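Consider the model shown here, starting from its overall make-up and ending with the confidence of its parts.

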Amino acid sequence: MTSDAETENPPIQTTAEPEPPQPRRPICSKCSRPNRVCLCETLPAQPIPTKTHIVIIQHPHEARHKLSTVPLLTKCLLNSTTVVTRRLRRGLSPLLDQSPPAVYLFPPTPSSPAVTLSQSQPQPQNDNDDENAVLIVFDATWKHAREMVRASEEYLSRFASRVGLEGYDESIGGRSIYDSDSELILRKEPCGGCVSTMEAVARALRVIEPNGLYIEAQLLRVLRDMVRLQARYLTTKPIKPRPKLEKKKAMQIEEKKESESESEELLDFKS
């Protein structure tokens with residue numbers, strides 16, 4: 001049985017008031033970045049025209065990443081488009097469905113070798129070229145990018161050749177945005193020669209375009225300013241060790257030393 005006091009004064013149930021939603025950061029309507037890291041003063045007054053068509057194949061996860069350089073890249077270059085997908089196939093890009101002369105940037109592998117871009121494009125394009133070349137780049141983490149390239153190679157093999165940038169070396173550790181001598185890399189890279197999508201395009205256009213040096217300088221200027229502004233608001237976190245990657249690199253270095261030693265011994269024997 002309940003007492004009269006309990007009946008007359010039932011316990012009062014209280015619920016916590018929901019916290020008001022945090023106000024969204026004001027976003028610049030021109031560069032689409034938060035106002036405190038706005039880059040409008042750095043962006044070209046007008047997108048830079050190029051003979052080359054740049055097609056960026058972006059992984060869906062990367063499209064949501066706050067440090068993605070692709071939005072800035074497409075604002076800097078007039079002839080650039082973005083396709084968000086995990087695998088290239090017909091129907092995603094009207095331009096690529098026409099099978100234009102193209103190259104796609106990605107480092108070589110034993111099963112898929114690649115020449116360097118300077119070897120593939122010995123002379124910059126000129127205004128009298130009948131067909132404009134297409135440069136295809138993949139924007140994703142390196143793990144996802146490898147998967148995207150593997151999944152897209154059957155489609156690309158019909159009209160595009162694989163090329164790489166100079167300086168790629170799996171035996172050298174990659175750097176991060178916070179390294180003073182590597183200011184253009186936004187995130188930890190797996191090995192030497194790996195760079196952000198924007199820097200990769202800048203270096204490629206330096207080789208392909210008649211005014212490539214000018215285009216490269218403009219893109220890298222925007223990228224440097226983006227890194228400089230973003231670094232003010234990012235908390236530097238210690239980079240987690242990657243034992244498997246370090247072991248692989250150590251084995252590659254050891255194999256290289258053994259190969260060089262065997263070559264020297266063979267030369268001594270012949271002499």
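The chain of this predicted model contains eight helices and eight strands. Of its 271 residues, 41% are buried. The area that the chain exposes comes to about 17,100 Å², and 51% of that area is supplied by carbon and sulfur atoms.

Contacts can also be sorted by how far apart the partners lie in sequence. Among contacts in the chain with a separation of 6 or more, 74% are between residues 24 or more positions apart.

One part of the fold can be followed strand by strand. Strand E1 covers residues 53–58 and strand E2 covers residues 80–84; the two run parallel and are joined by five bridges. Within this pairing, Ile57 has Val83 of E2 as its bridge partner. Between the two strands the chain passes through helix H2, residues 70–76, and the resulting β-α-β crossover from E1 to E2 is right-handed.

How confident is the prediction along the chain? The average pLDDT of the chain is 77, and 63% of the residues score at least 70. Confidence is highest in E1, at a mean of 97, and lowest in strand E8, residues 191–192, at a mean of 48. Residues 176–182 have a pLDDT below 50; in the model, this stretch has 16 contacts beyond near neighbours in sequence.

The strand E1 therefore appears twice in this account: E1 pairs with E2 in parallel, and E1 has the highest confidence in the chain.

Key. Residues numbered from 1 in each chain as written. Predicted model: local features only at pLDDT ≥ 70, side-chain atom pairs only at ≥ 80, totals over all residues. Heavy atoms only, no water. Pairing = 2+ DSSP bridges. Helix = DSSP H or I, 4+ residues; strand = E, 2+ residues; numbered from the N terminus. Right-handed = clockwise from strand over helix to strand, strands pointing away. Buried < 20%, exposed > 50% of the residue type's maximum accessible area, 1.4 Å probe, protein only. Contact = heavy atoms within 4.5 Å. Areas by Shrake-Rupley, 256 points an atom, 1.4 Å probe, with all protein chains shown as cover. pLDDT = per-residue confidence, 0-100.
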